[in-house]
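Let's take a walk through a structure together. Keep the picture open and turn it around as you read.

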Amino acid sequence: MIPAAFAYSRPTTVEEALQAIADGGDDVKVLAGGQSLIPVMRLRLAAPEVVVDLTRVEGLRGVREEGDQLVVGAMTTHADVLTDPLLAQYAQLLVQATETVADRQVRRRGTFGGALAHADPAGDLPAVALALDAEFVIAGPAGRRTVPASEFFVDYLTTALEEGELLVEIRLPKLAAADGWGVRYEKFTRVAQAWSIVAVAAAVRREGGRITEARIGLTNMGPTPLRASATEAALVGVDVSLETVTAAAAQAAEGTSPSNDLNAQADYRQHLAQVLTRRALAAAAGL
Amino acid sequence: MTAVEDPAVPDTPVDLAPAKEIGQARLRKEDARLITGETQWTDNIVLPGMLHMAMLRSPVAHGRITHLDVSAAKDRPNVVAVFTGADLAEEQGSLPCAWPVTPDMVNPGHPSIAVDQVNHVGEAVAIVVARTRTAAADALEAIDVDYEPLPVVLDMEEAVKDGSPLVHDSTSSNTSYHFVFDAGEAGTGGDTDQAFADAEVTVSRRFVQQRLIPAFMEPRSVVVQPTRDNYTMWSATQIPHILRVMAASVTGIPEHKLRVIAPDVGGGFGGKLQVNPEEILALLVARRLGKPIKWTETRGESLMTAHHGRDQVQFVDIAADRDGTVRGLRVRLLASMGAYLRLITPGVPALGAFMFPGIYKFPAYRFECDGVFTNMVPTDAYRGAGRPEATFAIERIMDELAVELGMDPLELRRKNWINADEFPFTTVAGLEYDSGDYAQATSQALELLGYDELRAEQQRRRESNDPVQLGIGFSTFTEMCGLAPSRVLGSLSFGAGGWESASIRMLPTGKVEVVTGSTPHGQGHETAWSQIVADQLGVPFEDVEVLHGDTAISSRGLDTYGSRSLVVGGTAVVKAAEKVVQKARAIAAHLLEASEDDLEFTDGKFSVKGTPGASIGIQEVALAVFAAHDYPEGIEPSIDSEATFDPENFSFPHGTHICAMEIDTETGFAKIRKYACVDDVGTIVNPLIVEGQVHGGLAQGIAQAMFEEAIYDAEGNLTTGSFVDYLIPSAADLPHFDTGNTVHEATSNPLGAKGVGEAGCIASTPAVVNAAIDAVRHLGVSELRMPLTPERVWRAIHEGGDGGDRAAATSNAQGVTSSEAATASATEGDQQ
């Protein structure tokens, strides 16, 4: 539980941070909330030579409105997410999922951007970002670029971030209840504070008794977060009813490739995905 | 120790003072400092020149050390010394096993540090001593070691077969001992085989008691200060007195040159009832270097190397008549010892032998147990130690017998349990249960639960085919506590007695110091002992200070385990107080110019009967004795005392626990809907402490049923090596507990106390599993392996069987565990 020695840098701007990462050489780690990095360093499963700590980069923290998008700074903590009025109004799915992340202490330090860049498929927030079609703003030595969620999550713990780059902002669409959106994050764990065995992030838009759009993200159903595309497609235009939702949810595990571990084998995870998708959709659709 | 030795006098019955403090829900006087951390934990201790010890631990479960080069580590910054097993081989001796349960038990010996072979993952192979803790940890990486792998022995049922690879070359099999208790042979029951042959119905089951990790809150920690040939050892231990004797005998340090101090200790649950390799190594290294040495484990080391608990395979047969009358019980156990025999490793299952018959009137009983070596960390005491395993087996198989007979499980229990008017009752296992009323506890518990309504709801849910099914499970348990009558322990080949000691020092200002040999590690001794003394001496609760855990202050003691502290240690306090009053009476009579016979002692005052106003308080007597200007001829000027209490019987707490469980049949998720229990722990000194003990015990017993399991992979690595994978429930995962009590005083001690430390843990596990099976039995489930993971329950419902073996299921897995994920994240992740 004692990390190996490392050099430490604590920049205060994005530019300084990028410089520190560039100066750090091959074995540099970026520290956001430390929810994942600190434990593996203490276990000596990771021993970076340089740690660049972003906690003093004020410009990476906070939520603002830009037209029809919300812009969330990568260093916005989970606790900030839970108390932000804009997110409360337009991003209930993110708020619900964030409420299930770890415990109160971790939520004070852990960050939205850190969780996304870490890209643990068992983490709660990647599936939410994917379901919402979030956009990822990445800063690097060559300037900024924007990557859609569908391209951001590349593989297990691997993202579109290149060496020397930094995730700085996440852009989310506004999903307002007034526009017919209902959401639900349905998480399945053995104990209250644990990684998801499986979870489902669902957003459903209703209009005149019919579903006009459904967005479903799956947590821990493969090496990356996944969309339940078949289920989404099956829901467009159908009546809002338990029968239609149940029928669509039966396709939720299509195209998934979950792992086996102590908590669940793959076939059980696929079964859970169907049950939880049905429950998430029913709740999101107000059934 | 300043108490004056009293001449040996026969034990006389003690009259308890009227209870004023006893029975009060006093807030615990020790809590403020424990909760705020304003106290001295072992790891807080810093001594001038202190060095830090770190252990390189084996990554292989079974192997010969073929190469070990520590030279590079010696050159690392701030490193003072590096030791290998070979360096310490001559002086390390063998860790003690104090419970040779059979005369021919095989004990291959237990080195504190491996010399040429490792037998479980985590065994120490080298020690770095450095000026800082971090330098010691860093230097471990510079040690070069190679192992020649040996076949790994993990599965007990395979390990006992002929031709199995051996854990120890020096033994002829992996069986350490074969222990038998046969009621027929013991004269406490009939012939068991005959009982089964004659029975109308028999039911057989195989139960698995999974391996558990005690997971105490404060990690193990030890500091040794050598002062020429004297040694002081601080250790986060439950057993400073036993540790002193054992460490002296292992290291050759004379006992009077070794002082052991257990400062405030943060939990143990039996996990600190041990003489740890690291405690011995700290002594050896301190002796070599002549410098203070500290070692504090990391949580990972703790989970991997501190002893584990449970880990039994139980084959249980029960025989009965068609009308439900039980005829016989037969138990065969495989009990995992792990790689070595530690302090009471072999005795844990043997202690359980006496509890399998539970509260029932079996006419015949036979118990057999094989202690089996495997390449895992040793097992040893864990909350309940042998008794939870036994209680689980009997309470589970009673349910299965009820199903076989088509009887209500509670009706079957009623038919066979010992009735209140039958106490004292000698069981088929030879124990004399002294008091209790199982029917009363059961009827109270049914009421607390709201049994009839829940049964009705269960029926409704079944009829409507609700995805969430409801089940109700019972555990009508008893346990043997208050360890223990010394002569009985002797007859069981236990290496020590079961008495406890207390002394009382009356200070000049009337304040009272109570020295107890029973060392607390969270139980609340300071509060309870103060309440007892306040009543007995008639002094204010606040005027009592309780001292413990330092062999230089409390020279005699047998420490804390087996729900013994109040029953045995508390009684010693009562007896010591009685002696103080006796001695003070003589002084008071002298000062009041009255005859001793004319004095009565009430509320802390000696008064002359029939002479109003003529009185003196015991606290004033203390001052008079201190001055010693005026005291009777022929007696010593002291009212201090010491007493030792050796109980003549165990105590037998009992109770009825009822769990109502909801099972989501779509996901397998099990959730306790309601939990009600009524415990009879005899006299309750402090209801708040009792309730706290019950709650904590329930949490641990429920955790065995639903959450906790130590899992090793096929190579013998502990897969559940962190709290990510070894799941401990928090308050959020547990229900509200509806608790109650009945009080039938124990007859084996003047307090009438029975002990409460283990009750919740022993009772709850089978109630929970019985409830879960009751919820889904109509779906074809008749067995569920613990813990009740959602996947297991789901598979049992949809595929049959008991839900399967998680270790086997995952050894074929292609996926990654959470900790592996964490590893990968460190190398692949970008921004965490």
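Before counting anything, let's fix two words: helices (H or I, at least four residues) and strands (E, at least two) are DSSP runs, numbered from the N terminus. By that count, chain B has 24 helices and 28 strands, while chain A comes to twelve helices and 14 strands. One caution early on: this is a predicted model, where local features need pLDDT of at least 70 and side-chain atom pairs count only at pLDDT 80 or more, though totals for chains, interfaces and linings use all residues. As for labels, residues are numbered from 1 along each chain as its sequence is written, and chains are lettered from A and ligands numbered from 1 in the order in which they are written.

How spread out is each chain? The radius of gyration helps here; it is taken over C-alpha atoms, and the globule rule to compare it with is 2.2 Å times the number of residues to the power 0.38. For chain B the radius is 28 Å, close to the 28 Å that the rule gives for 832 residues, so chain B is as compact as a globular protein of that length. Its C-alpha trace spans about 85 × 75 × 60 Å along the principal axes. Chain A, with 287 residues, has a radius of 19 Å, which agrees with the value near 19 Å for a compact globule. The C-alpha trace of chain A spans about 60 × 45 × 30 Å along its principal axes.

Now look inside. A residue is called buried if 20 or more other C-beta atoms lie within 10 Å of its own, exposed if 12 or fewer do, and partly exposed in between, with C-beta atoms placed from the backbone. In chain B, 58% of the 832 residues count as buried; in chain A, 54% of the 287 do. Next come contacts, meaning pairs of residues whose C-beta atoms, placed from the backbone, lie within 7 Å. Take the contacts in chain B with a separation of 6 or more: 80% of them are between residues 24 or more positions apart. For chain A, 64% of the contacts between residues at least 6 apart in sequence join residues at least 24 apart.

Some buried residues form a nonpolar core, a set of buried Ala, Val, Leu, Ile, Met, Phe, Trp, Tyr and Cys residues joined through C-beta atoms within 7 Å. The largest one has 345 residues, and those touching the most other members include Leu93(A) and Val128(B). Helix α18(B) gives the most to this core, with 13 residues. Leaving out residues up to four places away in sequence, Val128(B) touches several residues, among them Ala54(B), Val79(B) and Leu140(B).

Finally, the domains, whose bounds come from an automatic or database domain assignment. Chain A is divided into domain 1 (7-53), domain 2 (59-172) and domain 3 (181-284). The C-alpha centres of domain 1 and domain 2 of chain A lie 19 Å apart. Twelve residues of domain 1 of chain A and 19 residues of domain 2 of chain A take part in their contact. In chain B, the assignment gives domain 1 (31-39 + 499-645) and domain 2 (435-479 + 650-832). Here 13 residues of domain 1 of chain B are in contact with 14 residues of domain 2 of chain B. On the domain 1 side, the largest share, five residues, comes from α18(B).

Methods
Contact = placed C-beta atoms within 7 Å.
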